[in-house]
Every structure is written in structure tokens, then in C-alpha cells.
Amino acid sequence: MQTIRNKYDEKLSYESLMKAHKLSRRGKGYREEIIKFNLKQEEYIMWLYKELKEMRYKHRGYTVFYIKEPKERKIEKSKYIDRIVHRWVVDSFIEPYYVPRFIDTSYACIKGRGMHKACMDVQKGMKKMERKNGEYYILKMDVRKYFQNIDKDILYKIINKKVRDRKIMKIIKEIIYSSEGKKGLAIGNYTSQMFANIYLNELDKYIKEEIKCKYYYRYMDDGIVLFKTKEEAKEALEGIKKFLREKLELELNEKTQIFKNKQGVNFCGYKIKENRIKIRDRGKRKMKKKVKKLKEKVKEGEIGNKEAKKYLCGHFGYIKYANVKNLSEKLFEV
């Protein structure tokens, strides 16, 4: 990947910031902070443009809250004006320069990939391994508290290797160090998932180029590697642990394990085998719970059928990749 130089002023414009604003507010136009921003959007965008142009921009901190599904997590929500900057940074510098250099089997937050493609690609790899070897082994990896343990100094250095534009790095530094502590990225930031991908791209390159694993797949902090023998899997796992510890100050959690292919593998919400893909029981229970609530809202007149079905589109997409008969009809008779 070529280094990024002298791109800040080229990418910075009133139009690019207005575009970032329009993308940031998409689907959220009903929120009070966005309604207020829209009333004077031209003035606010021009002010933000001047702040960035004259290198006076400062991140404005966070509102902290917690969510409990699927597990309890701390969410740090930035001010709307900062969310426009996050979007502009990702769209102008991170996506066009970094994403084309990611390995083909990294899937999170990358256009044209995602959970469904990850699932289908894993199954293709499993089929190939079965044809070549019969029995084989699966290494399933999970990084311990990934977002909370990303080291900010290491992340900054990784990005600075390729981004040699002083102005871009000043804004990126402002975002990376905007939350408290030496470690951890603000989960609510649009930049955080891309920064997290860049961080573990170091591991991706190690696994593909140093260990030379052909069948390796990653969705954010979950990884799968397929091996011919258990000994190969064990040896690779030790190397991966050492790399994570020494280079990225991360470690794998207790969910990490090596097992025979006949068990299948849980990945991206699916149970994957060579000849079958099923939605995990936990995923079914979660969907049924959501659908039940939605049906109650329709019954009480809070929302209409059309709005309910629109909300469920993502769930239909999730189901269609799995080998389940009539599940969508059974769940979603709204």
C-alpha cells in the first residue's frame, strides 16, 4: 500500500462535509439534535470546514450509556458535529486507501462482504478441505474484550506507517485519543470499526503471509482457520498467541478452541457444516422475541404492517442463507 501524502486539503471541502452530514443523518432525521442541526446546516458545515481548514478542530467528548443486548456494553456517543468528521475521515481516507489492501476474507464493515458472505465463504473452504483431506481440524478464535483492549499508541503507529500526511494524522489522533484511557476505542464512533479492522489486519497479514494459512476467515474479533492436522492447528495457535501478545497487546479468550470438522463451526450467527447452514438456536430465540414485540405493536396500532415488514427486511436476509424450511413464514406472519 502506497503511503498517503498531501491529501488532506484535496479532500477537504464544503461539499465533502455536507455529503458526510447527509450520510450521517440517514435514517435518524427524527432525532432532536439532527433536526436542530438541519435548521442551520449550511452555517454549521461552513463553520466545521473552517475549523478543519485552519486545524483548530477539537473532539467534543461523549455521552455514555449502556446496552444489554446481546451482552452488556458501554456505548460512548459523540456529538453530532464530531460524527460528521468521523464519516468524512472514513469516506475520504480509510475506505479508499485501506479497504482495498485488506485480505479478501476479512468481512466486517466492508461493502459487498458482511456476515452472509463470510458464512458462505467458510462453507466453501470447508467443502474444499473435506474433498482434499476427509477429516480436518478447525481453529476457532475469539479475541478477549477486543474493542476495550485496543492499544491507542499501537493503533496510531500502525496508521502512521501509511498515512504520512501531518494534517490527516492530527485529526485521526484527535479521534483515537478522544476517549479516556490508554486502551479502548469508543464503540459508538463510526471510525472505531474501521480502526479495529486496521488493527487486526496486522494479524491477518501474519496468518496469511507468515503462517501461510490458505483457509482463514475473520469477522471483526472472531476468526476461523482450517488445518489438515491437529498438530498444525496447535502450532499455528501458539504463533498467533505470541503475535497478538507481543505486537498488539491482545490475547485470545476461553472460547478459542481446536476441534474436528464433524462438529461444524459457529460463525456470524450460523452453525456451518459442509452440507448445511443453520441458524443457531440463540439467534432463533432472539428473532422470535423481536417479532413477538413487533406483532404486539402492530396489534396495538403503534406501527402499520408496511413499517413492520420494512423493519424485518434484515431478518429475512439473515434467514435466506440458512437451510431452514418455511422459517420466515412461521416467524414473520405480520
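**Helix packing and buried residues in the predicted model**

Helix 3 and helix 4 stand roughly perpendicular to each other in this predicted model, since their axes form an angle of about 90°. Helix 3 covers residues 32–39 and helix 4 covers residues 41–53, and the two axes lie 5 Å apart. On the side of helix 3 the contact is formed by K36, F37, N38 and L39, and on the side of helix 4 by Q41, Y44 and I45. Sorted by class, the residues of this contact comprise 4 nonpolar, 2 polar and 1 charged.

The model is a predicted one, and its chain contains 15 helices and 9 strands. The chain has 334 residues, of which 47% count as buried. When contacts between residues at least 6 apart in sequence are considered, 72% of them join residues that are at least 24 apart.

A second helix pair is formed by helix 8, residues 152–162, and helix 9, residues 166–176, whose axes come within 11 Å and cross at roughly 160°. This angle makes helix 8 roughly antiparallel to helix 9, and the crossing of the two is right-handed. Helix 8 contributes K152, L155, Y156, I159 and N160 to the contact, while helix 9 contributes M169, I172, K173 and I176. The residues of this contact divide into 6 nonpolar, 1 polar and 2 charged.

The largest nonpolar core of the model holds 70 residues, and those with the most contacts inside it are Y146, I159 and F195. Helix 5, which spans residues 80–98, supplies the largest share of this core, with 11 residues. Apart from this core lies another one of 20 residues, among them C119, Y136, Y217 and F267. One of the residues with the most contacts inside the largest core, I159, also belongs to the contact between helix 8 and helix 9. For F195, when neighbours within four places in sequence are left aside, the contacts are with I94, L155, I159, I172, I175, I176 and L185. Several of these partners, including L155 and I159 of helix 8 and I172 and I176 of helix 9, are listed in the contact of that helix pair.

Helix 9 also contains I168, which counts as buried because its relative accessibility is 2%. With neighbours within four places in sequence set aside, I168 is in contact with I4, K7, Y8, F93 and V163. The C-alpha atoms of I168 and D9 are 9.2 Å apart in space, although the two residues are 159 residues apart in sequence.

A further buried position is I110, located in the loop between helix 5 and helix 6, the latter spanning 114–133; its relative accessibility of 8% is the reason that I110 counts as buried. Residues up to four places away in sequence not being counted, I110 touches V99, F102 and N197. Between I110 and E95, which are 15 residues apart in sequence, the distance from C-alpha to C-alpha is 8.5 Å.

Burial is also found for a glutamate, E202, which is situated in helix 10, residues 190–210. The relative accessibility of E202 is 17%, and the residue therefore counts as buried, the cut-off for this class being under 20%. The residues touched by E202, with those up to four places away in sequence not counted, are I158, K161, F243 and L248.

Two residues other than glycine have a positive phi value, K212 with phi near 60° and M220 with phi near 55°. K212 is placed in the loop between helix 10 and strand 4, the strand running over 216–219, whereas M220 is found in the loop between strand 4 and strand 5, which covers 222–227. With a relative accessible area of 63%, K212 is exposed, while M220, at 7% relative accessibility, counts as buried.

Key:
Residues numbered from 1 in each chain as written. Predicted model: local features only at pLDDT ≥ 70, side-chain atom pairs only at ≥ 80, totals over all residues. Heavy atoms only, no water. Axes fitted to C-alpha atoms, helices over the stretch in contact; angles between N-to-C directions. Helix = DSSP H or I, 4+ residues; strand = E, 2+ residues; numbered from the N terminus. Parallel < 35°, antiparallel > 145°, perpendicular 65-115°, else oblique. Contact = heavy atoms within 4.5 Å. Nonpolar A, V, L, I, M, F, W, Y, C, P; charged D, E, K, R; others polar. Left-handed = near helix turned anticlockwise from the far one by under 90°. Core = buried A, V, L, I, M, F, W, Y, C linked by side-chain atoms within 4.5 Å. Buried < 20%, exposed > 50% of the residue type's maximum accessible area, 1.4 Å probe, protein only.
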